[in-house]
Amino acid sequence: RGWAEGGSRPVPFRSRRSHDSPARWAPTPPRSGGASGSHEAAPRAAAGEGGSGGAGAGRQVGRRPGRWPRGAPRQRRKPTPPGEARRSDGPTRSTARRPRGAPSPSLGQDQTKKSWILDPSGEHYYRWLGLMVAPILYNWIILICRSCFPELQRQYRYVWLALDYLGDLLYLLDIAVHFHTGFLEQGVLVQDQAQIRRRYLRSSTFRWDLLSVLPTDLLYVRLGTAVPAVRANRFLRSPRFFEACDLIETRTAHPNSFRITKLMLYVFVAIHWNGCLYFALSGFVGYGADDWVCPNASRPGFDRHLRQYLHSFYFSTLILTTVGDTPPPQREEEFLFMAGGVLLAVMGFASIMGSVTSVVSNMSRAEATFYPNHDLVKSYLRAHCVRRRLQHHVLRWYQHLQMNKKMTNELEILQHLPERLRAEVAVSIHLPTLRKVQLFQNCEQSLLEELVLKLRPQVYSPGEYVCRKGDVGREMYFIREGRLAVVADDGVTQYAVLGEGLYFGEISIINIKGNKSGNRRTANIKSIGFSDLFCLSKEDLAEVLAEFPDAKAMLEAKGREILLKMDKLDVNAEAAEIALQQEQAQRTAALEEALDVLQTKLARVLAGLESSAFKMALRLEQLEWQMRGWGEGAEP
């Protein structure tokens, strides 16, 4: 295919992969041959472009043979300028080298293989840490007990081996969980497996975890299974227990109770270890050698493991609590053990007292934050000699708040939350109540969210009036819990009873033109028992509606409809007020127009004055120059 028809020699072509000038693709004209041969050589040579002549001229470098039909014309590509990428009509194979670990360019981002990643603040990670507490506590409590009570180790050898290797399996799974636990970087959870693996392998946590699962049990081959102390490296996984405690404390609904439980666990572990060491020291000195050590098994009852452990635990409790009801030590080892126990007791007692004091202070601070301090109110009432009946009424109100967990200062409790998060909390609690109000139905979501932040909880005692007839209405109320009665002026006759989910006073907080009652209350409402209400003030509603003019117009229209149904809207007065407002608006517009005309005339007058002053200044300057010229001409 690379031969020019009619020519005496093959037409040489340069390969596209050569690095010559752009003219490397131009065919070399034959040295001899007719015109017809020279004209047919070019297209035929283009079909075999890239060949080197001879038998291999029909193949194109880098392409499969037979891609183009035999004899089909092919277009010759234009030379690619240096520094530009060659365009292709079809998919091409990139020759650029991919970075190591980068996904293949032929696969989309959604097609890359994803592995499961745990969120450190997620539920699955929380449950896994709760599971890891079990093997860690097992090693804390059982391992020292087996080491100090040899008979207990020998009697239940296979049970301990099974539990040991079950704990080792959980330790290994915990390492795998570490490799699949994301971390936060600039506030975003990193889910890249390579980064997570690299970070964990470079951390000190991996080294401690690796040391904690070293197969030290192989020493059983030399020392025997009666020496469980070879598994002491399992204690190196203790930081995982502290992490679990911190996470549980932040997520539990009763953090103070959890702190007390954790403190009691630490005390138990300390007494347990001290008791086991006391039994081991008794075995070293000799059981029953003196009154201080543990009695011998020949003594009635001390042949059982439980009795031996309880005696050691009780003796350790006496030492660490510094009660002092212990036999005096008689040997050097016994003196050293007692001295160490007393020092540990002093530090433990200080830690326990500090922890208990912190828990109590936190509980008091939380109670003071949730509920107002009634001690100050009682002192104030006694100082001003308030009658006893009123004092009793106030104390009952405070007692109701604390016994029923009622809060009146929700805004202070949530003040440290971000504004958006505080709004979400308030919406989740109060929005269903606000949607029940007919006046606020079909309002946009953003308006309701703003109104929810303005709601203030209030608690009313039995027999207390929420509002009286004739009072100026400045708030509307939503009944969250309890019952209220609409009563006559005598306070006894009941016209109606309002229950949970109802509301009242919504018309008084909107200035509706033509309202016959104005903004005055039209009924007496009294609390039958303890009632929890939400209050929305007129000022807060006006502040919110200032940003929502459309909602304000819609609320006023709904208020008019409600007043019309209640026959409390004076249409004539409303029309007169509207006409008065229109007249005032027209007068205002006329005054503004006249003011604009006056301002225009004043601007023209000022411009004329400025022009006259400028002309006057020029005239004076000309006269001064003329006077100077006359003076210079008169001097000669």
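Let's start with a pair of strands: strand 3 and strand 10 (residues 531-537) run antiparallel to each other and are joined over five bridges. Keep in mind that this is a predicted model. If you want one place to put your finger on that pairing, go to R456, whose bridge partner in strand 10 is C535.

Now zoom out a little. These strands belong to an open sheet of four strands, ordered 3-10-5-8, with antiparallel pairing. The edges are strand 3 (456-460) and strand 8 (503-504), each of which pairs on one side only. Helix 17 packs on this sheet, where it touches strand 3 and strand 10, and its direction makes about 50° with that of strand 10.

Helix 17 has a helical partner too. Two packed helices are described by the angle between their axes and the distance between the axes. Here, helix 16 (residues 445-452) packs against helix 17 (residues 538-545) at an angle of about 145°, and their axes are 10 Å apart. The crossing of helix 16 past helix 17 is right-handed. On the helix 16 side you'll find L447, E450 and L451, which meet L541, V544 and L545 in helix 17. Sorted by character, the residues of that contact come out as five nonpolar, no polar and one charged.

Next, the transmembrane annotation. An unreviewed UniProt entry places the feature "transmembrane region" at residues 125-145, 263-286 and 335-356. What does the model show at residues 125-145? That span is 100% helix and 0% strand, with its end C-alpha atoms 31 Å apart. Residues 335-356 are likewise 100% helix and 0% strand, and their end C-alpha atoms lie 31 Å apart.

Note on methods
Residues numbered from 1 in each chain as written. Predicted model: local features only at pLDDT ≥ 70, side-chain atom pairs only at ≥ 80, totals over all residues. Heavy atoms only, no water. Axes fitted to C-alpha atoms, helices over the stretch in contact; angles between N-to-C directions. Helix = DSSP H or I, 4+ residues; strand = E, 2+ residues; numbered from the N terminus. Left-handed = near helix turned anticlockwise from the far one by under 90°. Contact = heavy atoms within 4.5 Å. Nonpolar A, V, L, I, M, F, W, Y, C, P; charged D, E, K, R; others polar. UniProt positions renumbered as here; feature names shortened; annotations may be inferred. Pairing = 2+ DSSP bridges.
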